[in-house]
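Me: I am new to reading protein structures, and I would like a close look at one part. Please take me slowly through the start of the chain, and then connect that part to the rest.

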Amino acid sequence: MARRAEFYYDGTYYRKRVKLKSGVWKDVRAKSKEELRKKLYDLETAQRMGIVLDDKTTVAELAAQWFNNRKDKWSYSRKEDYVNAINVHICPYIGGMLVKEVKPEHCQMVLSKMAHLSNSMQSKTVTTLKQIFECAEENGLIFRSPCSKLKAAGERSKEKTPLTPEQSKALLEATKGTRAYLFIMLGLYAGLRREEICGLRWVDVDLTGNPPHLTVNNAVRFEGTKAVFPSPLKTKAAHRTIPLPAALAAALAEEKKQTKSVFVVPSANGGVATPQSVRNLMKIVDRRRASNVVSLNQEDQKQPRGPKIKRTLDFKVTPHLLRHTYLTRLCESGLDVKKCQYLAGHADIKVTLGIYCHVTNNRPEQLIEAVEKAFTG
């Protein structure tokens, strides 16, 4: 008597029907025996661990299981992105649908509801959708993901323009002697992220080294109005040692003489800086913008004591703009791109190349010689 085949082959796929714990029969398919064996093993493991995924699983149920089984390996900000995408943009529209019933047009409808939002926000939702339905595909709930061809639209963020050397100088002169000065210096001369500046301690700074340098060991995680310290860095690449330019080393040495806090840029009470602390520091900068004040006399009346604020800045400053300016200067200096990547703390060199290195040698006066040579023979 001939031995029964392990799997049924219909000319395109290998298939096998299995009975789930719920009593429902499930048809598992794959293009090779090896792939089908893996799917069957994953399905058996999932059932043994109590992960109930069957033909009646809804998008909301799958999204919840997908998120809960992976959340421990994500950063706080990444988890917030996924939660927002699932709760605000996905589940209100297709959360109640059975996973097997979702078609590409349903996924496109989710995206159409976000037409007024930025490309960045849409991209996060598309990424979330794709990962959820890839999970469904891997677990045999569906044969093909309905959002594999889904693409984000929306307006892309405008390209950030770094501060010019003149603007950087004006910014430092305007904030010297204020609590914002060292924050500005660490952004402009070390390229630290906002969370890295707030998490920097004096034990991370070596002013006697040759050259003086600081090491990024920790960051602060902002949760609403609270600051959690210590918190993991954004990526492993964020752990780096940065040499200090003379101006920054001198500013740090001066601050170290008078501070009692363990943090380089603390809150007003000497503890770890909170989101409000950072906003207060940026307000110090903002008050020095002439274009930000409707009535100079009215603003001055709010500060009867101390010298009047000189409003010498005509540009807006954000913490990320300081870092952007630092990295742009590195690229413009001709520093090797791998070294730029290291100092930036980027895990992927494409980020360094795509965002910053386009500024290098791309101005008309820098390109004209090569263009002339190309067309004069």
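**The first sheet and its surroundings**

Reply: Let's begin with the whole chain. In this predicted model, residues 24 or more positions apart account for 61% of the contacts with a separation of 6 or more. Keep that figure in mind, and we will meet examples of such contacts further on. The chain has 377 residues, and 40% of them are buried. About 22,600 Å² of the chain is exposed, with carbon and sulfur atoms supplying 52% of that area. As for its elements, you can count 15 helices and 8 strands.

Now to the part you asked about. Three strands form an open sheet here, in the order 1-2-3 and with antiparallel pairing. Strand 1 (8–9) and strand 3 (25–30) are the edge strands, and each pairs on one side only. Strand 2 covers residues 14–19 and is joined to strand 3 by 6 bridges. Between strand 1 and strand 2 there are 2 bridges, and these strands run antiparallel too.

Some residue pairs will help you find your way. Start with Tyr 8, which stands opposite Arg 15 in strand 2. Then step along to Lys 16, whose opposite number in strand 3 is Val 28. Further along, Val 18 has Lys 26 as its bridge partner in strand 3. While you trace these pairs, one general idea is handy: in a regular strand, side chains alternate between the two faces of the sheet.

How does the chain get from one strand to the next? Strand 1 and strand 2 form a hairpin with 4 residues between the strands, and Gly 11 in this hairpin takes a positive phi near 100 degrees. The hairpin of strand 2 and strand 3 has 5 residues between the strands, and there Gly 23 has a positive phi near 95 degrees.

With that picture in place, we can look for similar pieces further along the chain. Another open sheet of 3 strands has the order 4-5-8, again with antiparallel pairing. Its edges are strand 4 (205–206) and strand 8 (241–243); each has a single partner strand, so one side of each is left without a neighbour in the sheet. Strand 5, made of residues 213–215, pairs with strand 8 over 3 bridges. To find this pairing, look at Leu 214, which stands opposite Ile 242 in strand 8.

Strand 6 (residues 219–223) and strand 7 (residues 226–231) make an antiparallel pair with 4 bridges. Phe 222 has Ala 227 as its bridge partner in strand 7. These strands also form a hairpin, with 2 residues between them, and Gly 224 in the turn has a positive phi of about 65 degrees.

Next, let's return to contacts between distant parts of the sequence. Thr 325 is found in helix 12 (residues 319–332). Leaving aside neighbours within four places in sequence, Thr 325 touches Pro 162, Leu 163, Ser 168 and Leu 188. Is Thr 325 buried or exposed? Its relative accessible area is 2%, and because buried means under 20%, Thr 325 counts as buried.

Ala 290 makes a useful companion example. You will find Ala 290 in the loop between helix 10 (275–286) and helix 11 (296–301). Its relative accessible area is 37%, so Ala 290 counts as partly exposed. With neighbours within four places set aside, Ala 290 is in contact with Arg 311 and Leu 313. Ala 290 and Leu 313 are 23 residues apart along the chain, yet their C-alpha atoms are separated by 6.3 Å.

The cysteines are worth a glance as well. A search of the whole structure finds 0 disulfides. Among the cysteines, Cys 198 is buried, at 0% relative accessibility, whereas Cys 91 is partly exposed, at 23%.

Finally, walk to helix 15, which spans residues 364–376 and holds Val 371. Val 371 joins Leu 367, Ile 368 and Phe 375 in a nonpolar surface patch of about 410 Å². Val 371 itself is partly exposed, with a relative accessible area of 41%.

To retrace the part you asked about, follow the order 1-2-3 through the open sheet, and pause at Gly 11 in one hairpin and at Gly 23 in the other.

Key. Residues numbered from 1 in each chain as written. Predicted model: local features only at pLDDT ≥ 70, side-chain atom pairs only at ≥ 80, totals over all residues. Heavy atoms only, no water. Patch = residues over 30% accessible without salt bridge, like charges linked within 9 Å, V, L, I, M, F, W, Y side chains within 5 Å. Areas by Shrake-Rupley, 256 points an atom, 1.4 Å probe, with all protein chains shown as cover. Salt bridge = Lys/Arg side-chain N within 4 Å of Asp/Glu carboxyl O. Buried < 20%, exposed > 50% of the residue type's maximum accessible area, 1.4 Å probe, protein only. Pairing = 2+ DSSP bridges. Disulfide = S-S within 2.5 Å. Contact = heavy atoms within 4.5 Å.
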